[in-house]
Amino acid sequence: MVAVSAILGMAGVGKTTLALHAAHLMRGRFPEGYVHLNLGAHAVNRSPLAPQAVATSLLRRLGVPATTIPLDSEELFALCAEVLATRRAVVVLDDAATAAQLRPLLPTSPAALILVTSRRRLAELPGSRPVFLDILPVDDAVALFTSVVGRERADDRSRIVEIVDRCGLLPLAIEIAASRFKARPSWTLDHLALRLSRKTGRLAEIRHDTESVARAFEMSYRSLPAEQQEAFRLLGAHPGPDIGLHAAAALLGRPVDETDHLLEALLHCHLLQENVPERYQLHDLLREYALALMHDEGAEEEAGAALRRLLGFMLHAADQADRLLYPRRSRLPLPQFRQLPGMETLLYDLDLDSHESARDWLDTEQAALAALASHARATGHPETAAWLAHVLAGRLDAQAYWSEAHDLHQTAAAHWRSMANDRCEARALIDLGATLANASRYPAAVEALDRALTLARAGQDPDATAEALSILGRALWHRGALTRSLALQKEALHIRRAHGDLWHTARCLANLGIVQRSLGNHKMALSAYESALPLARRFQDRTFEMRILNNIGDLHLAAGNLSAARSGFERVLKFPAGAISTFDLAIVKINLAATLNIPEELDQSLALHRQALAVFRSVSAIKHEADALNGLGHALRSAGRPADARDQHAIALELARSAGTAHEEAAALYGLARAEAVLGARAQAAGHLSSSISLAERLGAADQAALARKALAEIGPAGHPDE
């Protein structure tokens, strides 16, 4: 058995309760005495016990005669160590301030069971095993609340879950809230939950008699030196879920090394958590307490300065990371913000010097950056929030964070419009339009991009004009306006070539190929793709290269060359992990599924479709979801399951119509008709095929129209279309 256990954790987490419970259980095995001594690290109006006082109290409570207890410190500690080394007793040393408070009087190999509790980490306590306590699991938190109030009043688990969550799953907070509820028989669980949700704050509500969570926190806070108190308050002002070392240094306005020491000191006191290496966060109730301190101590100006430092640092760091990851992205340069003290040193120390480090930093800071942008808007920094939205546009698009991106870009566009800044509004609308198109919200995308194009042309900004033309052309392609889409892509290509921008020229060529493919001009499409592919490889853009190869494979698929198409798609899927986004991989999987032999490879086809559908649904990509459902329907029909196929095409048709995606609507009508024909519903099948033909002809989608005409010609009283 480990003879010394240090039970460690934040205020209110249940350290003393655990120690006393363990002591009670073990007293039968350690029958020669029991001592519970409060060392007073957080006692009100008195200092923690000195080591000499701890040793003297221990000896007296273990029955050592007062006349034999030495006055000399060394003799006192030696006697205490000797007693603890020979006597099988249970000793609870509660609320230790430091390891130095205990180290002189503890033996190397005690016979006693010694349980130490502390809000500090006590790493220097020799021979001890640390036991770190955390907040409770939800089920345990519910059980604790129920045990206090009784089962008669704890009759709504969902409401109790809400209550214990509002208590931060902290045992002390749950006990206090439960005790207060128990003492107020007129209260209901709904009423308690409402009180804990009020704007006045939870801390004011989590109290009973003389007990409160805020009081427990206060004792921890008041024991800190001034610089640690300031750091704790400022960390409460950070709006994100957690914070890294360099962001914390910006927030605190201190060098990195000094910040590291402050964070470690707060960790040592359990006022800060580190659930992931070098990512720091405050418990929800501690964050609320820190914010209350900021208000009570009149430090709002201090918090405002800290937020400006943090916003400036995160904006410039994100810009630096974005330029490493997407060096050729069409974008505006950041304006010269007022340089904050130490900014250059912080950015240099961050080591954003490679594609990998930039990607890792943005992945790690994604949630914090989104929270910062939202907080900046709400606290009077709309311009910084607007720039942050523009800086993050490439990353949000690549990672399919379209819901988050939509809010950021929409607010940014509104800000620039209110400032009559046409140049910046055009860019924000381009970012917004791209996001809306990716999320299959094509009418709104076209509206935003039309205005962006008007502003860019009026401002004689060729880069923004070409970008708006290109993205607007893609949105119109999705809506089936192929003729206008083709004209816009050609105009964008002309601008890019005129300015010698080879990478954007390649993008325009790829877009041109997509439109030509839809128009049935396969040779022109292949020529455009083959012109773009060497440029993608020249710039070592693996994602762009993958998309072109995928489109070439799609051409082979349309031509009936399944072997070449399958080989191309499988080659793309072998790209190194991380080189292609999950969303792009899902598109390739759908295309690969279309090349499989059905029914022999039905299981593989179903697996590929399900994987892709999960991705598309997770980001609300309705157009792509409809496309995947059409592919799934085709596979099921080919496998002899026409009823299942009909169901998939029917869902695809509903989705396509809701999103205004004409290509997918025409394909869904065709697939639905094929399935109904097999099931004997020839009249319904003919009607769907006629609708598919009309829609495809209106779009100029020659391939789709030809397929539907062929199927319609084959439907007759003698049978249904051949598979």
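For the residue classes on this tour, Ala, Val, Leu, Ile, Met, Phe, Trp, Tyr, Cys and Pro are nonpolar, Asp, Glu, Lys and Arg are charged, and the others, Gly among them, are polar. One thing to keep in mind as you click around: this is a predicted model.

**Stop 1: the second largest cavity**

Select L235, H238, G240, P241, D242, I243, L272, Y280, Q281, L282 and R287. Together they line the second largest cavity, which holds about 50 Å³ of space. Colour that lining by class and you should get six nonpolar, three polar and two charged residues.

**Stop 2: the largest cavity**

How many cavities of 30 Å³ or more does the count give? Two, and the largest has a volume of about 70 Å³. To see its wall, pick L332, A386, W387, A389, H390, H409, A412, W416, C424, R427, A428 and D431. Now show the helices: α16 (382–398), α17 (402–418) and α18 (422–438) each give at least two residues to this lining. By class, the wall of the largest cavity comes out as eight nonpolar, two polar and two charged residues.

**Stop 3: an open pocket**

Next, go to G12, G14, T16, R119 and L172. Of the 32 residues lining the second largest pocket, these lie nearest its centre. Several elements supply two or more residues to that lining: α1 (15–26), β3 (90–96), α4 (138–149), α6 (171–182), β7 (211–212) and α8 (213–222). Which of them gives the largest share? That's α1, with five residues. The pocket's volume is about 780 Å³, and its lining splits into twelve nonpolar, eleven polar and nine charged residues.

**Stop 4: two helices that cross**

Show 226–236 (helix α9) and 300–325 (helix α13). Their axes come within 10 Å and cross at roughly 65 degrees. Since angles of 65 to 115 degrees count as roughly perpendicular, α9 is roughly perpendicular to α13. The crossing is right-handed. For the contact itself, turn on side chains for E230, R233 and L234 of α9, and for E302, A303, A306 and R309 of α13. Of these contact residues, three are nonpolar, none polar and four charged.

**Stop 5: an unusual phi**

Zoom in on Q460, in the loop between α19 (442–458) and α20 (462–479). Why give this residue a click? Most residues other than glycine have a negative phi. Q460 isn't a glycine, yet its phi is positive, about 50 degrees.

**Stop 6: a cis peptide bond**

Move on to P599, in the loop between α26 (582–593) and α27 (602–618). Look at the bond joining I598 to P599: the peptide is cis, with omega about 15 degrees. For context, most peptide bonds are trans.

**Stop 7: a helix pair running opposite ways**

Finish with 622–638 (helix α28) and 642–659 (helix α29). They pack at about 165 degrees, and their axes are 8 Å apart. Angles over 145 degrees count as roughly antiparallel, so α28 is roughly antiparallel to α29. This crossing is left-handed. On the α28 side, the contact residues include I622, A626, L629 and L636; on the α29 side, among them are A645, I651, A652 and L655. By class, the α28–α29 contact has twelve nonpolar, six polar and three charged residues.

How values were computed: Residues are numbered from 1 along each chain as its sequence is written. This is a predicted model: local features need pLDDT of at least 70, side-chain atom pairs count only at pLDDT 80 or more; totals for chains, interfaces and linings use all residues. Side-chain values use heavy atoms; hydrogens and water are left out. On a 1 Å grid over the protein atoms alone, a cavity is a set of points where a 1.4 Å probe fits but cannot get out, and a pocket is an open set with protein on both sides within 12 Å along at least five of seven lines; lining residues have an atom within 4 Å of a point. Grid points are joined across faces, edges and corners, and a volume is the space filled by probe spheres set on the points. Helices (H or I, at least four residues) and strands (E, at least two) are DSSP runs, numbered from the N terminus. Axes are lines fitted to C-alpha atoms, for helices over the stretch in contact, and angles run from 0 to 180 degrees between N-to-C directions. Angles under 35 degrees count as roughly parallel, over 145 as roughly antiparallel, 65 to 115 as roughly perpendicular and the rest as oblique. A crossing is left-handed if the near helix is turned anticlockwise from the far one by less than a right angle, and right-handed if clockwise. Contact means heavy atoms within 4.5 Å.
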